[in-house]
Amino acid sequence: MKRLVLITAATAVGVGGTAVAVSAGVGPATTATPAAASNIAWGKCPTDVTGGRYLAGAECGQVEVPLDYAEPAGRKISVAVSRVKATDRANYQGVLIGNPGGPGGSGLYLSGGLAAWLPKEVAARYDIIGFDPRGVESSKPALSCYPPYSDPIRPDYVPRSLREEKRWLSRSKKYADLCAQKFGWMLPHMRTTSSARDLDSIRKALGAQQISYYGFSYGTYLGATYASLFPKNIKRMVWDGNVDSREVWYGGQLKQNVAFERNMKLWWAWTARYDSLYHLGTTADQVEATYYKVRAAAKKSPIGGKIGPSELDDIVLSAGYNTGYYIPFAEILSAWVTKKDPAPLLEWVSEGGGDNGFAVYNAVQAVDAPWPSKWRTWHRDAVRQYKSGIRFNSWSNTWYNAPVFFWGAESGKAFPIGDKRKAVPPFLLVQSTLDAATPYPGGPQMRKLFPSATLLAEQGGKTHSNTLNGNACLDDKVAAYLTDGTLAPRKPGQVADVSCDALPALNDPDPAALKTAKAPQGKDVPVGRP
């Protein structure tokens, strides 16, 4: 289940001096040949979009692409692109394209975002490109099926009766039917393979022979698809928070539920340590019990008239994604429990937005790979997980994906990810061992599928896709690789090739040190997951 909550950043990230080894076959820095003239009509960027403030120094345009690459002369759509041009032309390294994840996440802002988060001397060597994948936000058309769908107050995610379950099924079917009515012509062409081909169309439009690529979360799966299709068109790649391609997509949802249950319990345990501040319980079990008591009461009487149990789950779920939410969410929950003050919670309620991301999320996952064809399978798995104690995310994740069950486009077989020809150049995988959105096994699996990949593990890291977020051990290695291809040597076996410890100040925040914090420290990136 994907949540597109925009984090407000407090700081930009600098990179210090951790040395890394050079793996065999990686030579000295090479200067890329400047790209040929772009075929993109560049102009002013919009600012009323996701991460719009990062587009202040960028230029934007559209790249026309085939709706169906099997019929290149047929109907066309376009993908929105942005660019921050390299300033260090003497050490020019070519084009660096970023994707923030999703599917459905807008990445137009990443031209300015990556330029801000990477060390200045690294960013200066690249033409940094952001883009909105097909159907997303500034691309044309942008999918939107029923904007009020997620408005409060929605039914409780956890059905207590067959009637409540049928209510969610009816909502999900209505959403899928509206998508089919509005965009039935486009839905069969939303596979990740189509977006990967769009990525190559962007490369061609830029006049570049090769691209470098930085993908977060679902962006790793898009990058892996591109690398499988176009290995010779790649110079460098960083994939952070890797999708396990064996679990695309239904199995991955079930694995996420287990991982999010663990991470929510980690947050409850952290909150209990600061009971003198938050008064929510002195043990993890007590804090958890407090949460579910609040949740049950919200079903009977929504908090502030807008937050029922489903809205409450959606808000605090982000603490399972990113430890930067530990403090602010403990504060807003405490304000309600101890003072009956709904105002802090109400600031996090989303109304009238997010439908584009939700529509694209369902559209891509529905056609990327098969899903169970019988609802009893979905029901059985949700009930099984919930009864086994995986109760925070099992039903909410089921309903987030339920429109897929009724989708108006058939799924195909999952695309075979991997580098059988061993043609992909050396690149960097990054995986946090306690990432809930993309659980750790995705990193070793991608490493297995791509023999040229080096895996960097963040030991104990609980934040999803955590590079460029203040952990110098991680960020230095990313910077060294993007500078000149420097990587740690690959070890034998299916293991991490190099490790960094999670940064205590970020992974285990101290309310005394950050008592005024209202948002995570580090990069702004839409919190989401595949």
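This report walks through the sheet, helices, cores and salt bridges of a predicted model.

## The central sheet

Let's start with the strands. An open sheet of mixed pairing is built from 9 strands, in the order β2-β3-β5-β4-β6-β7-β8-β9-β10. At its edges stand β2 (59–66) and β10 (498–501), each with a single partner strand, so one side of each is left without a neighbour in the sheet. From one strand to the next, the twist averages 20°.

Further in, β8 (residues 427–432) and β9 (residues 453–459) run parallel and are joined by 6 bridges. If you would like a pair to look up, Val 430 has Leu 456 in β9 as its bridge partner.

## Helices on the sheet

Helix α1 (residues 110–117) packs on the sheet, where it touches β3 (76–84), β4 (94–99), β5 (126–132) and β6 (211–216). The direction of α1 makes about 135° with that of β5. Helix α16 (residues 472–484) lies across β5, β6, β7 (234–240), β8, β9 and β10, and runs at about 170° to β7.

## Helix α3

Helix α3 (residues 162–183) is worth a visit of its own. Its 22 residues reach 31 Å from first C-alpha to last, close to the 32 Å expected at 1.5 Å a residue. Among its buried residues are Glu 165, Trp 168, Tyr 175, Cys 179 and Phe 183, and what covers the buried residues of α3 includes α12 (355–368), α13 (375–387) and α14 (394–401).

Helix α3 also carries a salt bridge between Asp 177 and Lys 173, with the closest N and O atoms 2.8 Å apart. The two are 4 residues apart in the helix, which means that about one helical turn separates them. Asp 177 is partly exposed, at 28% relative accessible area, and Lys 173 is partly exposed at 39%.

## Nonpolar cores

The largest nonpolar core has 107 residues; Leu 114, Leu 143, Tyr 214, Trp 239, Phe 427, Phe 450 and Leu 482 touch the most other members. Helix α12 gives the most to this core, with 8 residues. Beyond its neighbours within four places in sequence, Phe 427 is in contact with residues including Met 237, Trp 239, Phe 450, Tyr 481 and Leu 487. Apart from the largest core lies another, of 36 residues, among them Tyr 274, Tyr 292, Trp 336 and Ala 436.

## Salt bridges

The structure holds 20 salt bridges. In one of them, Asp 127 meets Arg 89 at 3.5 Å, N to O. Asp 127 lies in β5 and Arg 89 in the loop between β3 and β4, so the pair ties together parts 38 residues apart in sequence. Asp 127 counts as buried, at 7% relative accessibility, whereas Arg 89 counts as partly exposed, at 42%.

A network of salt bridges links Asp 156, Glu 164, Arg 295, Lys 299 and Asp 313.

Conventions
Residues numbered from 1 in each chain as written. Predicted model: local features only at pLDDT ≥ 70, side-chain atom pairs only at ≥ 80, totals over all residues. Heavy atoms only, no water. Pairing = 2+ DSSP bridges. Axes fitted to C-alpha atoms, helices over the stretch in contact; angles between N-to-C directions. Contact = heavy atoms within 4.5 Å. Expected span 1.5 Å × (residues − 1). Buried < 20%, exposed > 50% of the residue type's maximum accessible area, 1.4 Å probe, protein only. Core = buried A, V, L, I, M, F, W, Y, C linked by side-chain atoms within 4.5 Å. Salt bridge = Lys/Arg side-chain N within 4 Å of Asp/Glu carboxyl O.
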